[in-house]
Amino acid sequence: MRNSTRTARRAVTVAAVVALGAGLLGGCAEDSDEGGSGSGGGTKDGQGKTVIQIGTFGVFGYKQAGLYDAYMKLHPDVVIKEDVTERVDTYYPELLTHLAANSGLQDIQAIEVGNINEIATTQADKFEDLSKAPGVDKSKWLDWKWAQASTKDGRTVALGTDIGPMGMCYRKDLFQKAGLPTDRGAVGKLWAGDWQKYVDTGKDYKAKGPKGTTFTDSAAGLFAAVNNGYAERFYDSDGNLIHKDSPAVKTAWDLAMQAAEGGLTGRLKQFDKAWDQAYANGTFATVSCPPWMLGYIKEKAGKGGEDKWDVAAAPKPANWGGSFIGVPKSAKNKAEAIKLAAWLTAPEQQATLFDKQASFPSTPSAYDMPVVSGAKNPYFGDAPTGRLFAEAAKGIPTLVIGPKDQQIGTAFGDVGILQVEQQGKSPEQGWKAALKEIDNAVDG
């Protein structure tokens, strides 16, 4: 969703969940001063109000956007409490542990897109079917978003919150010095429809761009951006692992290797401190960016990057990030939790979340609302972000998500590609290292 670390730094060894004790949850909580301590056991506060507990990871944005306050104003007999775990690779194993024990669950639990398939295929019996919940209309959601949280027999274990339609953020000042166009429309045409054109633009940049800078931040970022534009990546539609022979993975890997071996990347690991520092120093010219990334760039590049960054269309539509919220069957305040989950994910609230927190709606009817359709980002040269990302969202294929998507993506990016970029390994050695890591993950 809106917090980059939530989706990008993924633990390969999620299987370690079985070793986690039930007492882990609650250590990173906020706002849990009353009504329960992460156990889901609190139903009433001191004034007799119903306390609804929500478990989230990273900055989900509901609180920051004022949605909890708005709901409590509409329902004065309800108090909402949010327990936040900073990282999804801590949060998710804890969630699985509590699901296995059928205890310690919140009334509403957030689920990251990389984990939704595993929840829908192996934990569906632990969640309420929200497909027919009051206030929920399937037609409001993007078809592929709805499908990701649904079981084969038509049950829906969670409701989509946001998605991550990708654009391409670029530095106008560096493009100008490299003799490349700076207008966002012209920049998008440089690579429209073909990621190879993007890499070829990088070769032009390397020849003429400022010394000490690179065309893009990382080969792993390029790999993910290309790969996420295909419907079938690591799994086919029947749920079979295809990562070794997948056209998506092969195309993404080959382009990433071109960029790495061609000196087009900064050899950075995304979301590490060195990556953050590179934003501040302006040492790379492009990065794939879903809406939530704009806030990250603004924070890391600071005042010095203002009006130097802009946003153009990516070569092909793709998705990076997004989340869901579900209601466990063991929730103490199940009926109230279902009402709140439906309200938080309605188009009007998703539009508000975009307006306040840059989390892009998964409900297309929100795209015509003025706060979305008219949205511009002054830091990025008044880029029409609402229109840009809405166009990207419409072209995203129905992504097939498998139970080990996170682990496989991390193995390719943080193991295989990093060994090529940072350790001087050959592409063949990097590929073998990634496959070995994946074998361990899927067999674990």
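Here is a chat about the sheet, the aromatic pairs and the buried parts of this predicted model.

Visitor: Let's start with the sheet. What makes β2 and β10 edge strands?

Guide: The open sheet has 6 strands in the order β2-β1-β3-β9-β4-β10, with mixed pairing. Residues 78-85 make up β2 and 360-361 make up β10, and each of these strands pairs on one side only.

Visitor: How do you know that β4 and β10 pair?

Guide: Two strands pair if there are at least two bridges between them, so that's the number to check. Strand β4, residues 159-165, has 2 bridges to β10, in the antiparallel sense. That meets the cut-off of at least two, so they count as paired. Within this pairing, Asp-162 stands opposite Pro-361 of β10.

Visitor: And what makes β4 and β9 a pair?

Guide: Here 4 bridges join the two strands, which run antiparallel. With at least two needed, β4 and β9 therefore pair. Gly-160 stands opposite Phe-324 in β9, and Lys-145 lies over the face of that Phe-324.

Visitor: Why is Lys-145 said to lie over the face of Phe-324?

Guide: The distance is 4.0 Å from the ring centre, and the limit for NZ of Lys is within 6 Å, along with being within 35 degrees of the ring normal. Lys-300 gets the same description over Tyr-296, at 5.4 Å from the ring centre.

Visitor: Why is β4 called largely enclosed?

Guide: Because 7 of the 7 residues of β4 are buried, the strand is largely enclosed by the rest of the structure.

Visitor: Now the rings. Why is the pair of Phe-175 and Trp-191 called edge-to-face?

Guide: A search of the whole structure finds 35 aromatic pairs. For Phe-175 and Trp-191, the centres are 6.5 Å apart and the planes make 85°. Centres within 6.5 Å count as a pair and planes over 60 degrees apart as edge-to-face, so the label fits. The pair links distant parts of the chain, 16 residues apart: Phe-175 is in helix α6, and Trp-191 is in the loop between α7 and α8.

Visitor: How do you know that Phe-175 and Trp-191 are buried?

Guide: Buried means under 20% relative accessible area. Phe-175 has 0% and Trp-191 also has 0%, so both count as buried.

Visitor: What makes Trp-191 and Tyr-198 an edge-to-face pair?

Guide: Their centres lie 5.2 Å apart, with 70° between the planes. Since over 60 degrees is edge-to-face, the name follows. Tyr-198 is at 3% relative accessibility, so it counts as buried too.

Visitor: Last stop, α9. Why is this helix called mostly covered?

Guide: Helix α9 spans residues 219-227, and 8 of its 9 residues are buried. Among them are Leu-222, Phe-223 and Val-226. The buried residues of α9 pack against α8, α10, β7 and α17.

Technical notes
Residues numbered from 1 in each chain as written. Predicted model: local features only at pLDDT ≥ 70, side-chain atom pairs only at ≥ 80, totals over all residues. Heavy atoms only, no water. Phe/Tyr/Trp six-rings, centres within 6.5 Å; stacked < 30°, edge-to-face > 60°. Buried < 20%, exposed > 50% of the residue type's maximum accessible area, 1.4 Å probe, protein only. Contact = heavy atoms within 4.5 Å.
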